[in-house]
Amino acid sequence: MSRGSIQGREDFLNQIAEKIGRPRSEHVEMPEWQSQPQWDVFADENADQLVERFKAQCENIHTDVVETNVAGLREAVAETIGAYQADSVIMWDDDRLERTGLDDGFRSQMSALGVETTVWDTAKGEENIRVAERAGVGITYSDITLAESGTVVLLNAPEKGRVVNLLPENYIAVIPRSSLVPRMTQATHRIHERVQNGEDIPSQIHFVSGPSNSADIEMSLVVGVHGPVRATYIILEDA
């Protein structure tokens with residue numbers, strides 16, 4: 001993770017220490033918790049069980065699930081776009097989508113069907129956002145997937161615009177089966193390990209659990225207020 005500069009930190013902390021009447025702590029030890037149940041929940045479930053748990057949760061969050069392999073991904077995505085009756089798509093500029101079949105050939109196939117397909121282009125700046133606003137479908141690739149909550153974790157990057165999963169009316173997430181973990185505990189642990197290994201981690205990490213939902217007003221559920229109205233997760237069998 002890139003580190004910025006913090007100005008006035010020492011003065012701020014010294015002022016707090018002075019107000020509470022004690023010296024600044026020179027060293028802080030992480031406590032050793034006697035009980036850590038977060039590591040145990042669903043920890044013994046195998047890949048098949050995690051998939052079933054994930055699919056069951058997706059029913060609760062109004063998200064369709066499709067299972068396929070690399071050979072079938074194009075068809076699965078095309079059928080989903082057709083079901084949404086969308087005539088435009090925007091997708092991440094992501095090698096993983098290219099390698100799994102959503103490449104030039106796929107875009108040509110979509111064009112022949114009258115579906116305009118745009119790949120996020122960093123050189124075009126905010127024009128990408130205008131395209132995403134008009135797009136009928138946004139497509140991304142899940143970095144980590146939480147079985148418990150039906151959540152895809154998206155590590156954003158310049159070529160992976162964060163509005164692709166937010167602005168279009170419909171959302172498709174391509175989910176490699178190997179990305180499934182039991183729950184948030186394991187997802188944050190994976191991210192923490194990458195930080196500890198010195199990897200650059202984006203400042204924006206999105207946790208997306210199906211279409212946009214809100215029940216702020218009189219506890220009445222409204223779908224699509226802050227994001228996509230419909231979502232489909234396509235679980236991809238690992239090669």
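Let me begin with a term I will use throughout: a residue counts as buried under 20% relative accessible area, as exposed over 50%, and as partly exposed in between. By that scale R130, at 35% relative accessibility, is partly exposed, whereas its salt-bridge partner E126, at 56%, counts as exposed. The closest N and O atoms of E126 and R130 are 3.9 Å apart, and please keep in mind, here and in what follows, that we are looking at a predicted model.

Now to the overall picture. The protein has 239 residues, of which 40% count as buried, and its C-alpha trace spans about 70 × 45 × 45 Å along the principal axes. The secondary structure consists of seven helices and twelve strands.

Let me start with the helices. Helix α1, which covers residues 9-20, is where we find L13, and L13 belongs, together with F12, I16 and I20, to a nonpolar surface patch of about 350 Å². L13 can be part of such a patch because its relative accessible area is 31%, and the patch rule asks for over 30% and no salt bridge.

Further along, helix α3, residues 70-83, packs against helix α5, residues 104-112, with the two axes 11 Å apart and at an angle of about 30 degrees. Because that angle is under 35 degrees, α3 counts as roughly parallel to α5. The crossing of these two helices is right-handed.

Next, the salt bridges, of which the count comes to 16. In general terms, side chains of opposite charge can pair when their charged atoms come close. The pair I would point to is R177 with D48, where the N to O distance is 2.1 Å. This salt bridge links distant parts of the chain, since R177 sits in the loop between β7 and β8 while D48 lies in helix α2, 129 residues apart. The two partners also differ in their surroundings, for R177 counts as buried at 16% relative accessibility, while D48, with 47%, is partly exposed.

A second pair, E169 and R230, has its closest N and O atoms 3.1 Å apart. Here too distant parts of the chain are linked, with E169 in the loop between β6 and β7 and R230 in strand β12, 61 residues apart. Both ends of this pair are partly exposed, E169 at 42% relative accessibility and R230 at 33%. Returning to D48 and R177, these two residues are joined with E237 into one network through salt bridges that share partners.

What, then, of strand β7, residues 170-176? This strand holds I175, which counts as buried because its relative accessibility is 0%. The C-alpha atom of I175 is separated by 6.8 Å from that of Y233, although the two residues are 58 apart along the chain.

Finally, a word on the backbone. Most residues other than glycine have a negative phi. Which residues have a positive phi without being a glycine? One of them is F42, with a phi of about 65 degrees, and another is E218, with a phi of about 55 degrees. F42 is located in the loop between α1 and α2 and is partly exposed, with a relative accessible area of 23%. E218, by contrast, is found in the loop between β10 and β11 and is exposed, its relative accessible area being 74%.

Methods: Residues are numbered from 1 along each chain as its sequence is written. This is a predicted model: local features need pLDDT of at least 70, side-chain atom pairs count only at pLDDT 80 or more; totals for chains, interfaces and linings use all residues. Side-chain values use heavy atoms; hydrogens and water are left out. Patches are made of residues with over 30% relative accessible area and no salt bridge: like charges are joined within 9 Å, nonpolar side chains (Val, Leu, Ile, Met, Phe, Trp, Tyr) within 5 Å. Accessible areas come from the Shrake-Rupley method with a 1.4 Å probe; for residues, only the protein chains shown count as cover. A salt bridge is a side-chain nitrogen of Lys or Arg within 4 Å of a carboxyl oxygen of Asp or Glu. Helices (H or I, at least four residues) and strands (E, at least two) are DSSP runs, numbered from the N terminus. Buried means under 20% relative accessible area, exposed over 50%, partly exposed in between (1.4 Å probe, protein chains only). Axes are lines fitted to C-alpha atoms, for helices over the stretch in contact, and angles run from 0 to 180 degrees between N-to-C directions. Angles under 35 degrees count as roughly parallel, over 145 as roughly antiparallel, 65 to 115 as roughly perpendicular and the rest as oblique. A crossing is left-handed if the near helix is turned anticlockwise from the far one by less than a right angle, and right-handed if clockwise.
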